[in-house]
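Let's explore a protein model together, one small question at a time. Keep the picture open as you read.

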Amino acid sequence: MEKGEYMKTRVVNHSLMDQVYPLLRDLIIKGELKPGYRIIEMDVAKKFGVSQGPVREALSQLQKEGFVIRHRNKGTFVSNLSRQDTRDIYELREVIEEFALSKPYRCCGIT
């Protein structure tokens, strides 16, 4: 490795939360977890083979983005997303993913 070449190497974060979050988000967007469905951390953790911590973190992120609602002493529930909301999310996601995929190539001079 030449001097300075290591600076071009990117570290990829694969925390458990980073793996659980998109799985849950996609289940909600695709309608597999219906609006009003109660998400139980322990059940999700068992299904994905992780502890409750990463699930809790993923649910917090989903709450910030409006995909779930947390009710104190009642639980976490899937938010009501309209069909238009779902379409908008998919369209925005396409744009973001396309940009994200092109970014490493731009910064590293790869064509």
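**A friendly tour**

Arg87 is partly exposed, with a relative accessibility of 46% (buried means under 20% relative accessible area, exposed over 50%, partly exposed in between, with a 1.4 Å probe and protein chains only). This is a predicted model, in which local features need pLDDT of at least 70 and side-chain atom pairs count only at pLDDT 80 or more, while totals for chains, interfaces and linings use all residues. Residues are numbered from 1 along each chain as its sequence is written, and side-chain values use heavy atoms, with hydrogens and water left out.

Q: In which helix is the place of Arg87, and what distance separates its C-alpha atom from that of Ile29?
A: Arg87 sits in helix H4. Along the chain, Arg87 and Ile29 are 58 residues apart. In space, their C-alpha atoms are separated by 9.1 Å.

Q: In what order do the elements of the chain run from the N terminus on?
A: Helices (H or I, at least four residues) and strands (E, at least two) are DSSP runs, numbered from the N terminus. The chain has four helices and three strands. Read from the N terminus, their order is α-β-α-α-β-β-α.

Q: What percentage of contacts between residues at least 6 apart in sequence join residues at least 24 apart?
A: Contact means heavy atoms within 4.5 Å. Take the contacts in the chain between residues at least 6 apart in sequence, and look for those that join residues at least 24 apart. Their share is 57%.

Q: Which helix gives the most to the largest nonpolar core?
A: A nonpolar core is a set of buried Ala, Val, Leu, Ile, Met, Phe, Trp, Tyr and Cys residues joined through side-chain atoms within 4.5 Å. The largest one has 19 residues, and Leu24, Ile28, Leu33, Ile39, Val55 and Leu62 have the most contacts inside it. H1, H2 and H3 each supply at least two residues of this core. With seven residues, the one that gives the most is H1.

Q: Which residues is Ile28 in contact with, leaving aside its neighbours within four places in sequence?
A: Ile28 is among the core residues with the most contacts inside the core. Leaving aside neighbours within four places in sequence, its partners are Leu33, Leu62, Phe67, Val68, Val78 and Leu81.

Q: Is Ser79 buried or exposed?
A: Ser79 lies in the loop between S3 and H4. Not counting residues up to four places away in sequence, Ser79 touches Pro35, Gly66, Phe67, Val68 and Ile69. Its relative accessibility is 6%, so Ser79 counts as buried.

Q: Which residues do salt bridges that share partners join into one network?
A: A salt bridge is a side-chain nitrogen of Lys or Arg within 4 Å of a carboxyl oxygen of Asp or Glu. Glu41 pairs with Arg56, their closest N and O atoms being 3.2 Å apart; Glu41 lies in helix H2 (residues 41-48) and Arg56 in helix H3 (residues 52-64), so the pair ties together parts that are 15 residues apart in sequence. Glu41 also meets Arg70 in a salt bridge (3.9 Å, N to O), and because Arg70 lies in strand S2 (residues 68-71), this pair ties together parts that are 29 residues apart in sequence. The network therefore joins Glu41, Arg56 and Arg70.

Q: How far apart are N and O in the salt bridge of Asp26 and Arg25?
A: The whole structure holds three salt bridges. In this one, both Asp26 and Arg25 are buried. The N to O distance is 3.4 Å.

Q: Where is the place of Asn73, a residue with a positive phi?
A: Most residues other than glycine have a negative phi. Phi of Asn73, however, is near 65°. At 80% relative accessibility, Asn73 counts as exposed. Its place is in the loop between S2 and strand S3 (75-78).

Q: How do the lining residues of the largest pocket divide into nonpolar, polar and charged?
A: Ala, Val, Leu, Ile, Met, Phe, Trp, Tyr, Cys and Pro count as nonpolar, Asp, Glu, Lys and Arg as charged, and the others, Gly among them, as polar. The lining has 14 residues, with Arg25, Leu92, Arg93, Ile96 and Glu97 nearest the pocket centre (on a 1 Å grid over the protein atoms alone, a cavity is a set of points where a 1.4 Å probe fits but cannot get out, and a pocket is an open set with protein on both sides within 12 Å along at least five of seven lines; lining residues have an atom within 4 Å of a point). H4 gives the largest share, nine residues. By type, the lining divides into nine nonpolar, no polar and five charged.
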